Structure formats: structure tokens, C-alpha cells
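Colleague: I am new to this structure and would like a close look at a single part of it. Please keep the answer plain.

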Amino acid sequence: MFDSKKFSFRSLCLLFLCLFLYSIQVYSKTIVVSDIDDTIKKSNSAGKGAEQIYHFLRKVPYLEMRDFFNEIRENEKGRGETVKFYYVSAAKSFTFNAQKWLQKNHFPLGRSTLKSMSEKRSTFDFKYAVIKQIILDEMNSLDIEGNEPLEFLMFGDNAQVDADVYSKLSKELQLNSKIYIRDVRTVATYFDPSLPLERLEGVNYYFSEVELFRNAEFDYLSADLINRTYNTYLDRELVPEYTLKTLGRRLEAVYGDKDQAKAAARQYWDDYYSRL
């Protein structure tokens, strides 16, 4: 026999339970920390002086990274989460208006920090100090009572010290972080078993965005971005051509022969553009 009083009581209990669970729902905050040169802007940091100046003056963005960052932002917002972007570069601030460039090229806006004219610290010390303060400030702003989790996505390249800085801070501060490093020096990408790889444990290296976007962390990326990136890969335009010169110089140091290194670099380049 149907008992309306018992049903009402159970319904009421269920309602209170739902309200309680909703009240303790945990929202996370995601902090994106990114280098600029050779991470989101094509700079040829591993090239020679004149080559670097040429790309520095052009200030061409990695469009796939621009769209990628925007989809990270939209995904976090769509889940009701908080996301903040920080851009940290060791470039001198008087040579580059980072905020204007980010806005012009439609990157997610966030605080950008570059070296001042008076800055004397090494690239490692400068980036370590700046990013550590960013992390500590974000930690201090957390809703402790709500047990708000804090996640870090860190992007850089291996032209200098990004992987070392991110790894040290992640371990020192026990961060919930994921590190993604563009292999602009061509030393972290598998080309041949005879070539040693230079990788830090716990760091995700990628030679191009077509690899980066395959990480399970980014399973929400749109089909449009995935397809456009893959089409650029098929057109052999995803990795800047200047990286081929970097690969050739690396192989010349290994083989001791410029012609052999050039031929091998081209072979490895062709292999990369046919493997995926």
C-alpha cells in the first residue's frame, strides 16, 4: 500500500542530501604559466644571431597555440572553473610590448612579465623568482575552507631553462602540475636510436602541436582545432622551417660532417612528417 507520508519524508531527505552535496561541490582553479619566445611566438632562439633578429622583428605567433590556449580558457569556464594566464619571458621589456602583442593576436589576456633594463639575474634565477611568486600568490588566494584545488599547466621550450624552472618549482612546492615543453633544440624528439635524447623526468616534450594535442589532458579540444592542426602537419608547415637548420647543426656536431648532417636532417624531417 502506498504510504504518502513515508514517500514525502524520503523525498525530503533526498532533497536535503542533494542540497548538501551541491553546497560542498569543489571548484578548481587552473593556472596557465607560459613562456613567450619559441613557445607561443616564433623566435628561432636556437638559431644564430641574425636568424634570431629576423624572427624577433617579425613577431609571428604560433596560431595553433593561440587557439589552444583559448580552448583551455573556454573549457574551464564551461565547467564553472576559474582559469588565469601568466606569461613570463626573459626578453627585455623595452624590446617587446607583450601585452599589446597578446591582445593583437587574440591570446587569452593575463599578466605578462619581462626583464627590466636593470634586471641582472640569470634567465633561470629571474624566471624561478617570478613564477614562484605567482604560485605563492595564487596559493594564498585559495578558498582554504572550500578545499579549492589548484592546478598548473606550464608551457615552455628547451631553448633555455623552462623545463628546469618548472620542474624545480613543481617539486619544491609540491604542485599539481603538468609541464609541456616544445623541443626547439631537436634533442628531445626521437629521430634515430643512435641519437641520445635529453629529457627531464616528468616533462612532456613535443616537436609540434599535433603531438601536444594528443595528451589525454586535452581530450576536450574541438574537432576544428584538431583537424586544422593535422592539415597543417600534412602540409609540412607545422614545425617552423628554421628548426630543420637547428637539427642539421645538432647532427653536424654528432657526425663531424656538414653534408652528412644536412642529408640526415632532411631524412629525419621527412620521416617526422610521415609518421603520424
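Which residues does Phe-69 touch, not counting residues up to four places away in sequence?

Modeller: This is a predicted model. Phe-69 touches Val-32, Ser-34, Ile-40, Phe-85, Tyr-87, Phe-107, Pro-108 and Phe-155, leaving aside residues up to four places away in sequence. Phe-69 is also among the residues with the most contacts inside the largest nonpolar core, together with Phe-68 and Phe-155. That core has 28 residues. At least two of its residues come from each of α3 (63-78), β4 (82-92), α4 (98-104) and β6 (150-157). There is a second, separate core of 26 residues, and it includes Ile-31, Val-161, Val-165 and Val-203.

The helix that carries Phe-69 comes next. In α3, Phe-69 is buried, and so are Glu-64, Met-65, Arg-66, Asp-67, Phe-68, Asn-70, Glu-71, Ile-72, Asn-75 and Glu-76. The 16 residues of α3 reach 22 Å from the first C-alpha to the last, close to the 22 Å expected at 1.5 Å a residue. After α3 comes Gly-80, with a positive phi near 80°.

From the helix we can turn to the sheet. α3 lies across β1 (29-34), β4, β6, β7 and β8, and it runs at about 150° to β4. Helix α5 (residues 123-140) packs on the sheet as well, touching β1, β4, β5 and β6. The direction of α5 makes about 160° with that of β4.

The sheet is open and has 6 strands in the order β5-β4-β1-β6-β7-β8, with parallel pairing. At its edges stand β5 (111-115) and β8 (203-206); each has a single partner strand, so one side of each is left without a neighbour in the sheet. On average, neighbouring strands are turned by 20° against each other, direction ignored. As for one pair in detail, β6 and β7 (residues 177-182) run parallel and are joined by 6 bridges. Gly-156 has Ile-181 in β7 as its bridge partner.

A loop beside β1 also deserves a look. Asp-38 lies in the loop between β1 and β2 (41-42). Its phi is near 65°, a positive value in a residue other than glycine. Most residues other than glycine have a negative phi. Asp-38 has 0% relative accessibility and therefore counts as buried.

Another helix meets α3 from elsewhere in the chain. The buried residues of α8 pack against α3, α7 (209-212) and α10 (258-275). In α8, these buried residues are Leu-225, Thr-229, Thr-232 and Tyr-233. They cover an arc of only 105° around the axis, which puts them on the same side of α8. Helix α8 (residues 223-234) has 12 residues, which should span 16 Å at 1.5 Å a residue; the end C-alpha atoms are 16 Å apart, and this agrees.

Just after α8, Arg-236 takes a positive phi of about 60°, although Arg-236 is not a glycine. Arg-236 lies in the loop between α8 and α9 (242-255). With 35% relative accessibility, Arg-236 counts as partly exposed.

To return to the starting point, Phe-69 is buried in α3, and α3 lies across strands that include β4 and β6. Both of these strands, like α3, supply at least two residues of the largest nonpolar core.

Terms used:
Residues are numbered from 1 along each chain as its sequence is written. This is a predicted model: local features need pLDDT of at least 70, side-chain atom pairs count only at pLDDT 80 or more; totals for chains, interfaces and linings use all residues. Side-chain values use heavy atoms; hydrogens and water are left out. A nonpolar core is a set of buried Ala, Val, Leu, Ile, Met, Phe, Trp, Tyr and Cys residues joined through side-chain atoms within 4.5 Å. Buried means under 20% relative accessible area, exposed over 50%, partly exposed in between (1.4 Å probe, protein chains only). Helices (H or I, at least four residues) and strands (E, at least two) are DSSP runs, numbered from the N terminus. Contact means heavy atoms within 4.5 Å. Two strands pair if DSSP finds at least two bridges between them. Axes are lines fitted to C-alpha atoms, for helices over the stretch in contact, and angles run from 0 to 180 degrees between N-to-C directions. The expected span of a helix is 1.5 Å times one less than its number of residues. The arc is that of the directions from the helix axis to the C-beta atoms.
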